[in-house]
Structures are given as C-alpha cells and as structure tokens.
Amino acid sequence: MRIAIFGCGAMGSIYAGLLASAGHDVIGIDRNKAHVDAINASGLRVLGASGDRCVAIQAYTDPPDVEVDLLVIAVKAAHVGEASAARVLVKSTGSILTIQNGLGSADIVADIFGSERLVVGVAQGFGASLQAPGISHHNDMKAIRMGGYAQGNSERLDSVVNTFQASGFDTQAVDNIEVVQWEKLICNAAYSGPCALTGLTVGEVLDDPIVGPVSRAAATEAWEVARKRGIPIAVDDPVAYVQDFAERMRAAKPSVLLDIEAGRRSEIDFINGAVEREAVRVDSVAPVNATITALVRSLEERTMTEGN
C-alpha cells in the first residue's frame, strides 16, 4: 500500500517508521525542511518504545505529484486546514485517516475531503518528540482507537485498522469515536492549558496546591459538558480519572506547553476551547475552560510575537 503521512513530525514519523518497516511504500510530507532533508539523506530513524529502526522513505516539504491509497493527517489540530493541499494525493478509492488531539479538527478535514472516506483516530500515551532532524523518539506506545466519521464505512475502517495493527500498533475499531475523543479531552483539558500557563509538567500540576484545583475543575467541567451532551463516556469520577492519567506520565509536557515554549500556534482552541464551544451547544457555560483558553491565547500571542 502507498501511504502518505501529512505532518511527518514527531508523531507522524512514528507512523511513517512503523508502516514503512511493515513493507508499505511511505511518503512523508512536512514543513520542517531540515527534518525532510535529513530523512532523504540518511533515512528516518525511529527509536524508543517500539525499538530502534532506520527506514528509507521519500520526504517532501510539499505534496508530490503521486497518488496514494491512504493519507494520514498527523499535523496538529491548528493546522489541519493545510491538508487541503494534499487532496490531489488520494485516489478516488483511497482513505483518509486524521489523528489529532481535542475536538473539531475532524470536522475541518471532513469539509475538505468529504465524510464517507474519513476515519478518525485517537492516539494515547506515545510521548513523541523530535530528537534531531530525521530522528523521532517515543516514550511509550499505547492505544490508537479508530472510528468512522460517518456511518456505513466499516469495511474502510477495518482496512485502516488492520494496516496499523499489522505494522505493530495497538489499534482497535470503535463504534463511537466521539466517546474516545471526549474521554481523552477530559484529561487534555486538565493539563494542556494549566501546564502551558505555568510551565509545569503534568505531575507538577497534579501536585501543585494552587494550580492542581484549577486543573481538576477544568476536567470536571469537561466531564459535565460531556454528560449534558449525552456522550456515553465510561468515566464516573473525573477527578480520579485525570489523577490516574497524570500518575502514569508525570514528567510529560503537553503539546500546548511545547508549542508555547517554541513560539508556535497551539491546539488550545481544540482542547480547553472545545469544552467552551460544546457547552454553548447545550445552552451551558464552561467558565474555567473559557478562562484558561483566553489566558493561553494571550500568552501565545506574546510568545509568537517575541519569537518573531
């Protein structure tokens, strides 16, 4: 199978490396020219929880003039609109898999590619980072859950799931991907914004006597919105749920904090900001998450300006 990874950065490189190792013809697309040049010169090295491998793939800064069977959109949520440049890549019979944090990015992808061919993925517990151009590392390798954006494409969904399973990923099809998205969103809401605002790790926020209660309030608020929306999440105690999550990855820095540190646009609108938007849909409010989102946006604007 020919597969294109749109957003072949830290996490996208994990997908590319394992899929290529399984024998697929993989194309990497990323705006990071140094990373692309290193891949083309010396191969893509992926190390960490999945082992240590170096694979030969072709990488590009812009979509090449080829056709693929599967397009994996692995850019962060704030950049999924850029995937419109990759529409010409996908065969008429091909599939699109989009994997981002938070809520809302899959709707943007569906507007670009249509809903019938779209599979939505939720990845948990990888902890991926670029150690250097051409080298991606991940601390863990937990589950990827996938579901169809629209009903009735189970054969397409099963094909994508099987491709990832055969490449070494813990992948499973689910009937309602929205449930998985919300269960992850509750954890992300607890730590993404608070870590970004304070510079603390997940474990430090968990333990902090001042920031910790804010984190737990954001999680509880997200949980309440999910219940009001009628999402059948399997979470009875949101505080215990996010505390257990944090205990498993104390040293982690959420991607929103990493983006703030690098002077980049973050995914905050799709995480804490998504809780606020979803609350409005059920005539409710989410003041904790709304405040966190506004503060991160302000910090983001300042750090991006200073970076320039």
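Colleague: What makes the direction of helix α1 (residues 10–21) roughly perpendicular to that of β3?
Modeller: In this predicted model, helix α1 lies across β3, β4, β9 and β10 (135–138), and runs at about 100° to β3. Angles of 65 to 115 degrees count as roughly perpendicular, so the value for α1 and β3 falls in that class. Helix α2 (residues 33–42) packs on the sheet as well, touching β3, β4, β9 and β10, and its direction also makes about 100° with that of β3. The conclusion for α2 is therefore roughly perpendicular too.

Colleague: Why are β4 and β9 called edge strands?
Modeller: The sheet is an open one of four strands, in the order β4-β3-β10-β9, with mixed pairing. Within that order, β4 and β9 (128–132) each pair on one side only, which is what makes them the edges. Neighbouring strands of this sheet are turned against each other by 20° on average, with direction ignored.

Colleague: How do you know that strand β3 (residues 44–48) pairs with strand β4 (residues 51–55)?
Modeller: At least two bridges are needed for a pair, and five join β3 to β4, so the two strands count as paired. The two run antiparallel, with Val46 standing opposite Arg53 in β4 and Gly48 opposite Gly51 in β4. The connection between β3 and β4 is a hairpin that passes through two residues.

Colleague: Which strands are the edges of the eight-stranded sheet?
Modeller: That open sheet has the order β5-β2-β1-β6-β7-β8-β11-β12, again with mixed pairing. Its edges are β5 (58–60) and β12 (170–173), each of which pairs on one side only. The average turn between neighbouring strands of this sheet is 25°, direction ignored.

Colleague: How do you know that strand β8 (residues 118–123) pairs with β11, and in which sense?
Modeller: Five bridges link β8 and β11 in the antiparallel sense, and since at least two are required, the pair is accepted. Val122, for instance, stands opposite Arg145 in β11. Helix α5 packs on the sheet, touching β8 and β11, and its direction makes about 30° with that of β8. Angles under 35 degrees count as roughly parallel, so α5 is roughly parallel to β8.

Colleague: Why is helix α5 (residues 177–198) called oblique to helix α10 (residues 272–281)?
Modeller: The axes of α5 and α10 come within 8 Å and cross at roughly 125°. This lies outside the range of 65 to 115 degrees and is not over 145, and that makes α5 oblique to α10. In the contact itself, Trp182, Leu185, Asn188, Ala189, Ser192 and Gly193 in α5 meet Asn272, Val275 and Glu278 in α10. Sorted by class, this contact has four nonpolar, four polar and one charged residues.

Colleague: Which elements supply the lining of the second largest pocket?
Modeller: At least two lining residues come from each of α3 (105–113), β11 (143–148), α4 (154–166), α5 and α10. The second largest pocket has a volume of about 540 Å³ and is lined by 29 residues, with Gly148, Tyr149, Ile177, Glu178 and Gln181 lying nearest its centre.

Colleague: How many residues of each class are found in the lining of the second largest pocket?
Modeller: The lining of the second largest pocket has 11 nonpolar, 11 polar and seven charged residues.

Conventions:
Residues are numbered from 1 along each chain as its sequence is written. This is a predicted model: local features need pLDDT of at least 70, side-chain atom pairs count only at pLDDT 80 or more; totals for chains, interfaces and linings use all residues. Side-chain values use heavy atoms; hydrogens and water are left out. Axes are lines fitted to C-alpha atoms, for helices over the stretch in contact, and angles run from 0 to 180 degrees between N-to-C directions. Contact means heavy atoms within 4.5 Å. Ala, Val, Leu, Ile, Met, Phe, Trp, Tyr, Cys and Pro count as nonpolar, Asp, Glu, Lys and Arg as charged, and the others, Gly among them, as polar. On a 1 Å grid over the protein atoms alone, a cavity is a set of points where a 1.4 Å probe fits but cannot get out, and a pocket is an open set with protein on both sides within 12 Å along at least five of seven lines; lining residues have an atom within 4 Å of a point. Grid points are joined across faces, edges and corners, and a volume is the space filled by probe spheres set on the points.
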